Amino acid sequence: MNQPSDVDKALASLESINLARVAGRLTRVTGILLECVGCRLAVGQRCRVEQADGALIDAQVVGFDREVTFLMPFKHPTGLIAGARVFPAKKEQQPLIGDSWLGRIVNGLGEPIDGKGRLGGDTPLMQQLPQINPLTRKPVDTPLDVGVRAINGLLTIGKGQRVGLMAGSGVGKSVLLGMLTRYTQADVVVVGLIGERGREVKEFIDHALQASGMAKSVVVAAPADESPLMRMKATEICHAIATYYRDQGKDVLLLVDSLTRYAMAQREIALSLGEPPATKGYPPSAFGVIPKLVESAGNSESHGSMTAIYTVLAEGDDQQDPIVDCARAVLDGHIVLNRVLAEAGHYPAIDIGQSISRCMSQVTPKAHQRAARVLKQMVADYQAIKPLIPLGGYVAGADADADRAVRLQPAVEGYLCQEVDFCAPLAQSISDLEALSHA
């Protein structure tokens, strides 16, 4: 039987070549929203928009209105002209993830931005938020040592718990996150720096994270000057990276700074699409994406665990801010940082009275819980009597609980404060707490 010649093979291959390339046309640019016609594109699909110099920028479909398709670029668009061609992107090539990602810094698309070369791996990184069947989630029944005494002792976090770190600006959120990253006993730490000042990204890596924390971390950075779509993608890819390591059987700690910037990015996109503002300028969809994001974290049926800590910016130190209130309702606990404590030099400035870990009773023994309640009561008693002390209104011997709170105040203050470069292991934190409660 005659074998086909090279010419026959070449002629046969021509049949698979597209002689025409489908393209739409750019009709309008309004702020960060692009409008195009003449091309069938699905919501969520990637596409490429031609610039005046012939270069292409990546965008994603975020909505449509009859024949008009709305696009949002991943990077701020420049050099666009009316009638520019819009090409549907070919099948997306998912980034491959592996252990080589540890110690690296990537953007919201999974591209390295640290100048250390390409990323390697053997597993495609999922592009959508993972969904977990609630009936297959492993229970939160094991404590996670985070190396911060006030949290280990009074607000114990379990492996698989989702916690909010609520604070206004400049109260010490980033410093506390750095301590958690360096001192935690988790195998892998995934850090998302979303919507922060560009200066703070490198400072966080160099000063807060340091070499010891960076060695077991993956950092995803999307500073404030990135497009809202890139900020949202960066937040979601954090969860995809953490999911990969969790499914490898590792204990993962996910830190996202901040959940508020994620909601703000969704607000920018939704308002551009014409969605009406509801509460404090936030459209309804901004409150819908937060539960979806949070529910993608936590434990699954795999052997690993995924603990998540989200910082939430309380604008004007308002704990009733709509994003703070929404996050508090869907998370498994919240740690509140108090500006008054920070101004008094009390670091970390954790307000024990306003903070709670809803899973603490599931991961700690009864003796630990009783000791925590005793110390919290002493803090509350001292705060109640404190204004009367300078005025001479406090008389020793009138109330045994108040006397004890005043007597032990220096020891309680020493327990709740911690130097940035000091690690407080879980076992030692519990031992010191029980000794203090029986003093």
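The legends below describe five close-up views of a predicted model. In this predicted model, local features need pLDDT of at least 70 and side-chain atom pairs count only at pLDDT 80 or more, whereas totals for chains, interfaces and linings use all residues. Residues are numbered from 1 along each chain as its sequence is written, and side-chain values use heavy atoms, with hydrogens and water left out.

**View 1. Strand β5 and its pairing with strands β2 and β4.** Helices (H or I, at least four residues) and strands (E, at least two) are DSSP runs numbered from the N terminus, and two strands are taken to pair if DSSP finds at least two bridges between them. Strand β5, residues 68-73, pairs in the antiparallel sense with strand β2 (residues 33-37) over three bridges, and L71 of β5 is the bridge partner of L34. Strand β4, residues 56-65, also pairs with β5 in the antiparallel sense, here over six bridges, with A59 standing opposite P73 of β5. The hairpin of β4 and β5 has two residues between the strands, and R66 takes a positive phi near 55° in this hairpin. Five of the six residues of β5 are buried, a term that stands for under 20% relative accessible area, with exposed meaning over 50% and partly exposed lying in between (1.4 Å probe, protein chains only).

**View 2. Strand β13 with its partners β11 and β14.** Seven of the seven residues of β13 (residues 251-257) are buried. In a regular strand the side chains alternate between the two faces of the sheet. Both faces of β13 are covered, with D251, L253, L255 and D257 buried on one side and V252, L254 and V256 buried on the other. Strand β11 (residues 188-194) runs parallel to β13 and is joined to β13 by six bridges, and V191 stands opposite L255 in β13. Six bridges likewise join β13 to strand β14 (residues 305-313), again in the parallel sense, and Y310 of β14 is the bridge partner of V256.

**View 3. The surroundings of T181 in helix α3.** T181 lies in helix α3, which spans residues 173-183, and counts as buried because its relative accessibility is 0%. Leaving aside neighbours within four places in sequence, T181 is in contact (heavy atoms within 4.5 Å) with V189, V191, L209, G213, K216, S217 and L255. Two of these partners, V191 and L255, stand opposite each other in the pairing described for View 2.

**View 4. The surroundings of R246 in helix α5.** R246 belongs to helix α5 (residues 228-247) and is buried, with a relative accessible area of 2%. With neighbours within four places in sequence left aside, the contacts of R246 are I132, V252, S296, G298, N299, S300, S302, G304, S305 and M306.

**View 5. The crossing of helices α13 and α14.** The axes of helix α13 (residues 409-416) and helix α14 (residues 426-437) come within 11 Å and cross at roughly 165°, where axes are lines fitted to C-alpha atoms, for helices over the stretch in contact, and angles run from 0 to 180 degrees between N-to-C directions. This angle makes α13 roughly antiparallel to α14, since angles under 35 degrees count as roughly parallel, over 145 as roughly antiparallel, 65 to 115 as roughly perpendicular and the rest as oblique. The contact is made by A411, V412 and Y415 of α13 together with S429, D432, L433 and L436 of α14.
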